[in-house]
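Hi,

Here is the structure I promised to pass on. Have a look at it first, and my notes on what turned up follow below.

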Amino acid sequence: MKSIVAVGFILSLSILAACAGSIPVPAEHHDRWAALAWPGTTHADLIEGRRLYIENCSGCHGLKSPMDYTENQWKENVSEMRQRAKIKEADSQLILKYLITAAQKSDRLDTAAMTN
Ligand code: HEC
């Protein structure tokens, strides 16, 4: 009985870890990339975009990982889902910036970091 509880506990921990990992927290290389893509964009903007994404986009379906779609697909998805989620245009822009930034492959992020 004890081992079943232990296995359940370990399983739920790994599920939690998997969820958190798929919605990455913006790091320094994300900040640099976003500031090049949209001058004036700050770390706080990306953090807010992530928060708005988690808060507004998880009600009807699971959160998709930013890596699941390309930049153009995210633009389409977010403009469509903005109506379903009934969020302001400004908030959807922050969500979009976060998703597009987090969707960049790490080599692209590193190149942006080096040229900065
Ligand atoms: C009111 C419910 C609802 C909310 C809120 C919602 N969605 Fe959706 N979403 C759906 C439904 C239903 C589908 C599947 C049907 C479709 O594609 O229209 C979907 C599909 C998607 C897809 C897959 C599209 C594809 O073709 O692969 C993505 C990506 C997505 N949503 C992102 C988001 C984002 C980002 C937000 C927050 C801005 C969001 N959703 C909020 C209902 C919702």
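**Valine 78 and its surroundings**

Valine 78 counts as buried, because it has 20 C-beta neighbours inside 10 Å. Before I go further, keep in mind that this is a predicted model. Valine 78 is found in helix H4, which runs over residues 71-85. Leaving aside residues up to four places away in sequence, valine 78 touches Ser92, Ile95, Leu96 and Leu99. Take isoleucine 95 from that list: 17 residues separate it from valine 78 along the chain, and the two C-alpha atoms are 8.0 Å apart.

**The chain as a whole**

What is the chain built from? It has six helices and zero strands, so if you read along the sequence you get α-α-α-α-α-α. Of its 116 residues, 22% count as buried, and valine 78 is one of the buried ones. Looking at contacts between residues at least 6 apart in sequence, 75% of them join residues at least 24 apart.

**H5 and its partners**

Helix H5 covers residues 89-103, and I looked at how it packs against H4, H3 and H2.

Start with H4. The angle between H4 and H5 is about 155 degrees, and their axes are 10 Å apart. An angle over 145 degrees counts as roughly antiparallel, which is why H4 is roughly antiparallel to H5. The crossing of these two helices is right-handed. On the H4 side the contact involves Glu71, Trp74, Lys75, Val78 and Arg82, and on the H5 side Ser92, Ile95, Leu96, Leu99, Ile100 and Ala103. Sorted by class, the contact of H4 with H5 has seven nonpolar, one polar and three charged residues.

Next comes H3, residues 43-56, which packs against H5 at about 105 degrees with the axes 7 Å apart. Angles of 65 to 115 degrees count as roughly perpendicular, and therefore H3 is roughly perpendicular to H5. H3 brings Asp45, Leu46, Glu48, Gly49, Arg50, Leu52 and Tyr53 to the contact, while H5 brings Asp91, Leu94, Ile95, Lys97, Tyr98, Leu99 and Thr101. The classes here are seven nonpolar, two polar and five charged.

The third partner is H2, residues 28-37. H2 and H5 pack at an angle of about 115 degrees, and their axes are 10 Å apart. The crossing of H2 and H5 is right-handed. His30, Trp33 and Ala34 in H2 meet Lys97, Thr101 and Ala102 in H5. That contact divides into three nonpolar, two polar and one charged residues.

If you want to trace how these contacts share residues, Ile95 and Leu99 are listed for H5 against H4 and also against H3. Lys97 and Thr101 appear in the contact with H3 and again in the contact with H2.

**Around the ligand**

Which residues come nearest to the ligand? Out of the 14 around it, they are Cys57, Cys60, Asn77, Met81 and Ala85. Helix H4 gives the most to this shell, with six residues. By class, the shell has seven nonpolar, four polar and three charged residues.

**Lysine 86**

One backbone detail to check when you open the file: lysine 86 is not a glycine, yet it has a positive phi of about 55 degrees. Most residues other than glycine have a negative phi. Lysine 86 lies in the loop between H4 and H5. Is it buried or exposed? Lysine 86 counts as exposed, because it has 7 C-beta neighbours inside 10 Å.

**Two residues of H6 and tryptophan 33**

Helix H6 covers residues 106-115, and arginine 108 sits in it. Threonine 111 lies in H6 too. Arginine 108 has 12 C-beta neighbours inside 10 Å and therefore counts as exposed. Threonine 111 has 14 such neighbours, so it counts as partly exposed.

Both have a C-alpha distance to tryptophan 33 that you may want to look up in the model. Arginine 108 is 75 residues from tryptophan 33 along the chain, and their C-alpha atoms are separated by 8.4 Å. For threonine 111 the separation along the chain is 78 residues, and the C-alpha atoms are 8.8 Å apart. Trp33 is also one of the H2 residues that meet H5.

Cheers

Notes:
Residues numbered from 1 in each chain as written. Predicted model: local features only at pLDDT ≥ 70, side-chain atom pairs only at ≥ 80, totals over all residues. Axes fitted to C-alpha atoms, helices over the stretch in contact; angles between N-to-C directions. Helix = DSSP H or I, 4+ residues; strand = E, 2+ residues; numbered from the N terminus. Parallel < 35°, antiparallel > 145°, perpendicular 65-115°, else oblique. Contact = placed C-beta atoms within 7 Å. Nonpolar A, V, L, I, M, F, W, Y, C, P; charged D, E, K, R; others polar. Near = placed C-beta within 6 Å. Left-handed = near helix turned anticlockwise from the far one by under 90°.
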